[in-house]
Amino acid sequence: MDHRRDGARRRRTVGDGVPLTDVLVLGAGPSGRAAAHRCARAGASVTLMDPHPDRRWINTYGTWADEMPGWVPASVRASTVDSPVVIGERRHVVGRSYTVLDTSRLQDSLTLDGVTVVAAHAAAVDSRSATTADGTVVTAGTVVDARGSAIGPGIPEQTAYGIVVDSDVAARTMDDAPTLVMDWRQDNGSVVGATPSFLYAVPLGDGSVLLEETCLVGRPGLPFGELSRRLTVRLEGRGLSLTGDEPVERVRFAMRPPAITVPRVLTTGTRSPALHTATGYSVAASLRRADAITGAVLTGGRVDTVRSRTVNRLRSIGADALLDLSPSAIATFFDTFFDMSDASQRAYLSSDDDVTGMSRAMLTVFSRIDHADRRVILGAVRRTAMSALPGMRSHSG
């Protein structure tokens, strides 16, 4: 791998006397770094603030291949598989390619040439500045918050526990699938009525495969110990005995953006509508959102439109329904979803602003599920409608 350093990056320590810049980005994860990178490439002056701006990213990021913006170099795609598989009660072959990103290459491709990097924590934020813990104020024409969303009591979250094994070893667990986006078969030793989890199995492009037991959404998510136990039971039942020396990946993040945002501060990543609240995917959407942020910085326009906000509210309905559905209904629910056309699946999973396509997909699923599950979705609709009433929450972007 080509692990390049950002040769032209300017560094300074907090307290040097910060000049006004066009954009101040808070957070140096994929969403924040992408926003800083694209704004700087477009000619804006950019400051990036993060307590550990050089920390290497270690998580595995997957996405539907057609979600990636064209400016991202092909070299960041570690593997791309046609016809990935989903298994609920039945097997489904999805008519879209699925990509796993090379995390290091993605990080290095988002160069920070000309960006001023501040290694500090933003203790206070408003629409034109961030104040660090020692009282230093960093000012800018636009503030972009990419610090993620905090985990806390009552906040839905996604958790996962995975191991990396050689591809020939993993093959016996994958039912001849090149990639398992979801495998909901209940051979993981879970108790009837417990929060369900699925197997996510993806090639990493280097002859290895990530096998990950995933809690799609829970309040709270399943703990790592339970996920590890379920993964071990599942894999051993399929003929794979673990040595205990396999590399491990742990994932935990909030599945909701913060309920309250700072007025006139732009958001991205999991603090924003880039987070798909029913699936947890956010990286590809955040890369696309970086261009919308750049356009807003340069032209004074808005990042989010009425249509994109509507799509986000519809996703919230789906997310609430997943939380409320009986665990025994989840696999059948996804069978119904993946029985739809590829176009309808894409509209729900990947659209930023296709209100018509999103609505059609949701109505199709609604019409095909049983009456008890329809009542669950209607309850989610009512809660989403109430949360959208004026004064219930502040919006930014």
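**Exercise 1. Find how strands β13 and β16 are joined, and place them in their sheet.**

Step 1. Strand β13 (residues 157-166) and strand β16 (residues 208-218) run antiparallel, and 9 bridges join them. Two strands count as paired if DSSP finds at least two bridges between them. Strands here are DSSP runs of E with at least two residues, helices are runs of H or I with at least four residues, and both are numbered from the N terminus.

Step 2. One opposed pair is V165 and V209, the latter in β16.

Step 3. The model is predicted: local features need pLDDT of at least 70, side-chain atom pairs count only at pLDDT 80 or more, and totals for chains, interfaces and linings use all residues. Residues are numbered from 1 along each chain as its sequence is written, and side-chain values use heavy atoms, with hydrogens and water left out.

Step 4. The order β7-β6-β14-β15-β16-β13-β17 describes an open sheet of 7 strands with mixed pairing. At its edges are β7 (91-93) and β17 (248-254), each of which pairs on one side only. On average, neighbouring strands of this sheet are turned by 15° against each other, direction ignored.

Step 5. Helix α4 (residues 224-237) lies across β13, β14 (180-183), β15 (198-203), β16 and β17, and runs at about 40° to β13. Axes are lines fitted to C-alpha atoms, for helices over the stretch in contact, and angles run from 0 to 180 degrees between N-to-C directions.

**Exercise 2. State whether G162 is buried or exposed, and list what G162 touches.**

Step 1. G162 belongs to strand β13.

Step 2. The relative accessible area of G162 is 0%, so G162 is buried. Buried means under 20% relative accessible area, exposed over 50%, and partly exposed in between (1.4 Å probe, protein chains only).

Step 3. Leaving out residues up to four places away in sequence, G162 touches L210, L211, E212, L231, P247, V248 and E249. Contact means heavy atoms within 4.5 Å.

Step 4. G162 and E249 are 87 residues apart in sequence, and their C-alpha atoms are 5.0 Å apart in space.

**Exercise 3. Work out which strands stand at the edges of the sheet β4-β8-β5.**

Step 1. This open sheet has 3 strands, and the pairing is antiparallel.

Step 2. β4 and β5 (77-81) each have a single partner strand, so one side of each is left without a neighbour in the sheet and both stand at the edges.

Step 3. From one strand to the next, the twist averages 25°.

Step 4. β5 pairs with strand β8 (residues 98-101) over 4 bridges in the antiparallel sense. Within this pairing, V81 has Y98 of β8 as its bridge partner.

**Exercise 4. Follow the chain through the hairpins of β10, β11 and β12.**

Step 1. Strand β10 (residues 122-126) pairs with strand β11 (residues 129-132) over 4 bridges, in the antiparallel sense. These two strands form a hairpin with 2 residues between them, and A124 stands opposite T131 in β11.

Step 2. β11 also pairs with strand β12 (residues 137-145), over 3 antiparallel bridges. Here the partner of T131 is V137 in β12.

Step 3. The hairpin of β11 and β12 has 4 residues between the strands, and G135 takes a positive phi near 95° there.

**Exercise 5. Describe how helix α9 meets α8 and α6.**

Step 1. In helix α8 (residues 342-350), the buried residues are S344, Q345, A347, Y348, L349 and S350. They pack against β4 (62-64), α5 (283-299), α6 (306-324), α7 (330-338) and α9 (355-368).

Step 2. The axes of α8 and α9 are 8 Å apart, and the helices pack at an angle of about 110°. That makes α8 roughly perpendicular to α9; the term covers 65 to 115 degrees, while under 35 counts as roughly parallel, over 145 as roughly antiparallel and the rest as oblique.

Step 3. S344, A347 and Y348 of α8 meet G357, M358, A361 and M362 of α9. The residues of this contact divide into 5 nonpolar, 2 polar and no charged. Ala, Val, Leu, Ile, Met, Phe, Trp, Tyr, Cys and Pro count as nonpolar, Asp, Glu, Lys and Arg as charged, and the others, Gly among them, as polar.

Step 4. For α6 and α9, the axes come within 9 Å and cross at roughly 15°. That makes α6 roughly parallel to α9.
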